[in-house]
Amino acid sequence: MKSKGAVKFFAIALVLVSIFQLSFTWKTRQIENDATAFANGNPELYRSYLDSVSRSPVYNFLGIKKYTYLQCKERELNLGLDLQGGMNVTLEVSLADLVRGLSNNNPDPNFNKAIAQATEAMKTSQKDYVTLFGEAFNEIAPNAKLSPIFANPTNREKIKLNSTNEEVLAYIHEEANQAIDRSFQILRARIDKFGVTQPNIQKLEGSGRILVELPGVDNPARVRKLLQGSAKLEFFQTFDNPEAYKYLSQINDILKKSMSAGTLKIETDSTKAVSTDTTKSALADLGGKPAQPAKADSTKKDSTQNAQKSFEEFAKENPLFAYLRPMADEKGVLATRGSSCGTAMIKDTAKINALLNRPEVKAALPANIKFAWEYKGFGENQEGVILHALKTDRDGAASLTGEKITDARRDVSPTGNVEVTMTMNGEGAKIWKNLTRNNVNHCIAIVLDDVVYSSPNVQGEIPNGRSSITGSYTSEEAGDLANILKSGKLPAPTRIVGEAIVGPTLGQEAINSGFLSFIIALLAILLFMGFYYSTAGWVADLALFANVFFVIGVLTSLGAVLTLPGIAGIVLTIGMSVDANILIFERIREELHHESRSIKNGISEGYKHAMSSILDSNLTTLLLGIILYIFGTGPIQGFATTLIIGIFSSMFSAIFLSRIIFEYLLDKNKVIHFWTKSTEHTFKNININFVGSRMRYYLFSGVIITVGIVFFFINNGFHLGIDFKGGRMYVVRFEKAMSTEDLKSTLRTSFGESPDVKTYGNDFNQKITTSYLIEDQGEDAEQKVETALRAGLDQTNVKYEIISSNKVGETVSADITIKAFYAILFSCLLMFVYILIRFKKWQYGLGAVAALIHDVLVVLSVYVIFENVMPFSLEINQDFIAAILTVMGYSMTDTVVVFDRIREYLNERNKSDLDPAERNTVINYALNSTLSRTINTSLTIFFVLLAIFVFGGDTIRGFSFALLIGIVIGTYSSICIATPIVIDFDKKKK
């Protein structure tokens with residue numbers, strides 16, 4: 001074997017990288033277990049413990065680098081919401097409102113008709129909204145111009161009255177992209193304030209949508225309100241630091257009296273003994289001399305106790321300054337300018353807010369002072385945050401609000417520094433003139449949603465409403481600030497178009513069931529390979545262990561999210577990874593049955609001859625995995641990610657690692673067996689006339705598909721999930737078994753329509769699907785639906801729990817439907833082209849694609865035939881599409897291996913000299929020779945899928961059922977459908 005050293009080096013490097021990445025998961029689990037033990041079932045104490053160590057170094061990797069808990073959390077293996085519980089929300093930026101705003105709500109009838117038409121077309125189109133609006137306007141008014149509708153004094157530099165429609169649409173495109181970026185920034189800031197560990201927020205490019213994932217959320221109503229609320233941009237005058245310090249000192253004295261009176265108690269639980277030292281040290285690093293006692297040696301128990309005692313004594317005298325560090329230098333001299341009045345650890349901001357909002361504090365302070373935290377943290381781990389002192393008007397309002405801003409953009413000053421230029425309308429310019437004149441050499445704070453984004457110093461009066469904000473901005477920070485400033489001018493509201501909630505109970509059950517299916521599938525394959533292939537089987541098992549380890553390590557390295565379908569992908573990868581070994585071992589067995597072959601030569605020849613089939617089969621599966629990733633969303637992308645990684649990892653493990661092990665055994669003169677006594681002659685001397693029986697296979701498949709068509713009309717179509725028709729779905733767990741018909745009747749009264757009620761796993765769990773108020777875009781729509789649901793459930797007089805829910809709006813369901821169609825279409829086209837290129841005959845491509853279509857039709861037929869028979873849901877949803885594409889991948893793998901063997905046998909016998917009868921005999925012989933590989937691979941994957949089906953949990957039972965049926969049908973079609981079609985369409989005679 002060539003490049004043996006390179007293979008060893010790469011394997012060792014991959015092992016070390018995987019260990020390093022997975023070590024963060026081990027460390028976070030260790031800390032969270034400590035938090036669980038400390039909290040003893042109290043969720044507040046659990047969060048408090050994690051907060052206390054969140055920005056403190058907790059992991060010293062080999063003495064090279066220290067990582068905080070948050071940094072470890074960012075690098076751990078991410079679990080999807082279906083495994084840990086939480087909330088997944090898809091928000092859509094209302095670009096229709098943005099377009100109206102850009103036109104100053106122009107009443108032009110053609111303009112408003114175009115907006116309505118574009119909004120309707122958006123439900124079924126893959127084009128962006130602005131493009132659809134332009135097309136609709138040109139269709140409604142072909143000779144009309146957009147410039148008179150959109151041109152106004154605020155955009156006169158970008159749109160003239162003689163601007164073309166293309167130029168206007170380009171301007172709207174730019175504003176739309178900025179609006180989406182702006183919404184993304186605002187949502188990210190709000191989520192940061194929400195206090196969720198490891199949130200995920202990402203723009204779904206090209207759709208105008210934003211995906212938000214919040215693990216562990218237990219208050220969905222609060223999340224909806226937080227995400228859908230309008231942005232509030234304000235400009236405040238500020239207090240200089242010395243004046244603000246007087247008020248802070250006054251607050252500290254008031255709180256001290258409250259402590260003496262017993263009305264205030266500073267919490268100093270045992271976590272503070274560890275975290276207080278870190279807090280003091282960090283504050284000292286962030287801003288000079290700390291307002292707390294010196295740091296003790298926290299590695300010793302008595303020092304820790306002394307530190308705790310010192311903190312308690314200091315807190316009694318300084319309840320506020322125990323957590324808030326005044327803005328002063330190391331000598332304690334206060335900063336004379338700026339609105340910054342204090343620094344604190346981020347984890348202490350909630351405590352400080354509670355102290356500042358106490359009734360006795362608010363009563364003693366002037367009515368015009370307001371405190372707000374800065375958006376951006378500081379310090380090595382961003383653990384510090386600055387407090388600002390804002391000055392409100394008499395009515396508590398800001399001096400200027402964001403709707404007066406007409407434009408803001410990133411710019412470069414004449415000196416070459418990055419700055420932000422801001423323009424106001426006439427009314428805003430007048431206010432701004434007075435405001436800047438009265439605050440020369442003082443700061444004006446720019447505040448969004450009660451968070452300070454910037455607090456620039458006023459250098460002089462600004463009379464014309466055009467300002468430049470300078471500072472030590474990076475280009476990205478200046479762009480972000482410009483976007484924030486425009487949030488008041490062009491409100492583009494976001495609305496929830498998709499939502500999924502998974503309760504923690506269901507998440508834990510998913511982990512347990514997924515892990516159990518993984519272990520059982522792994523054991524089944526290990527035992528089968530060892531039983532059938534003896535020594536070689538155990539070598540394959542070692543490669544399999546390495547493969548699983550590599551897949552999980554790479555997933556962690558890439559920051560990929562592991563979902564329940566992702567676990568299914570890993571488990572399926574386990575099954576598929578032995579396929580390469582089976583291909584190799586079967587070829588080695590063939591070589592060893594030649595008396596002249598030695599073990600060493602047999603292994604070499606076996607690897608050589610199997611390589612073509614391995615590469616072809618893995619490349620076709622890889623192409624399908626890429627299509628899945630491109631067209632899939634959420635969990636389907638997680639499945640595709642694990643599948644793609646698994647393909648590369650399994651090829652490396654099966655082809656190179658197993659070969660290295662064999663070479664080692666040969667060098668040590670160890671005996672290597674590729675069969676046991678009971679399996680040595682399995683599948684030998686088999687001669688099934690597949691070619692001659694092909695008409696029977698056509699008839700058998702035709703009957704199944706015909707019966708499926710009949711049941712399709714009997715059942716009024718397929719049972720579509722909300723992914724494809726829109727709606728809401730709830731999984732409810734009852735204390736006792738429930739009748740689906742009785743529950744449907746009860747809920748019909750609450751909803752005013754008949755919901756779909758199905759058993760979910762067992763009679764205690766019921767899945768309720770409804771389209772009630774699905775078109776209602778109001779912020780309280782979810783609450784209305786849940787209230788109606790609970791009203792109906794309460795009538796059953798049975799204790800219940802809503803363990804998960806899901807909402808898919810019309811636009812999202814249409815998008816999913818279109819993507820699913822394109823995924824299957826592109827898969828078939830891609831497979832045809834690939835087979836055509838590899839086998840150089842269109843008949844092979846046609847046979848492969850016909851087999852794929854056959855497999856899809858048969859699986860759909862089985863679904864519709866058994867829809868009302870199976871004790872679990874057989875609905876067509878995203879998971880089903882993932883299963884169909886996976887089946888197509890497996891079927892294509894099997895078909896390519898069969899075609900490869902047929903090509904090999906025909907080439908050996910000089911196919912140009914064969915008449916049809918001889919050719920059919922050779923093809924029949926080739927099909928029989930692949931039976932051992934086909935059956936063994938199918939059995940291993942079948943064992944895997946059976947484990948997923950039985951033990952994988954209710955959420956993927958329908959998914960695994962489709963895979964089970966698909967694997968059987970795929971194996972059948974690769975031999976009995978694909979090859980016969982090649983024969984029937986390639987009937988050239990000599």
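The lining of the largest cavity mixes seven nonpolar, nine polar and two charged residues. Here Ala, Val, Leu, Ile, Met, Phe, Trp, Tyr, Cys and Pro count as nonpolar, Asp, Glu, Lys and Arg as charged, and the others, Gly among them, as polar. This is a predicted model, where local features need pLDDT of at least 70, side-chain atom pairs count only at pLDDT 80 or more, and totals for chains, interfaces and linings use all residues. Residues are numbered from 1 along each chain as its sequence is written, and side-chain values use heavy atoms, with hydrogens and water left out.

Back to that cavity. A cavity is a set of points, on a 1 Å grid over the protein atoms alone, where a 1.4 Å probe fits but cannot get out, and its lining residues have an atom within 4 Å of a point. The whole structure holds nine cavities of 30 Å³ or more, and the largest one has about 140 Å³ of space. Volume here is the space filled by probe spheres set on the points, with grid points joined across faces, edges and corners. Of its 18 lining residues, Met576, Ser577, Asp579, Asn618 and Ser650 lie nearest the centre.

Which helices each supply at least two residues of this lining? The table lists them; helices (H or I, at least four residues) and strands (E, at least two) are DSSP runs, numbered from the N terminus.

| Helix | Residues |
|---|---|
| H19 | 564-592 |
| H20 | 599-631 |
| H21 | 635-667 |
| H28 | 878-908 |
| H30 | 931-951 |

Now zoom out: the protein has 31 helices and 23 strands, and 54% of its 990 residues are buried.

Two residues make a nice pair to look up. Is Ser340 buried or exposed? Ser340 counts as buried because its relative accessibility is 18%, and buried means under 20% relative accessible area, exposed over 50%, partly exposed in between (1.4 Å probe, protein chains only). Ser340 sits in strand E9 (residues 340-345). Leaving out residues up to four places away in sequence, Ser340 touches Asn241, Met327, Ile386, Leu387 and His388, where contact means heavy atoms within 4.5 Å. Lys265, by comparison, counts as exposed because its relative accessibility is 67%. You'll find Lys265 in the loop between helix H11 (241-261) and helix H12 (272-287).

Finally, a hairpin: strands E1 (residues 57-61) and E2 (residues 65-68) run antiparallel, joined by four bridges; strands pair if DSSP finds at least two bridges between them. Asn60 faces Lys66 in E2.

How values were computed: 1 Å grid on protein atoms, 1.4 Å probe; cavity = no way out; pocket = protein on both sides within 12 Å on 5 of 7 lines; lining within 4 Å.
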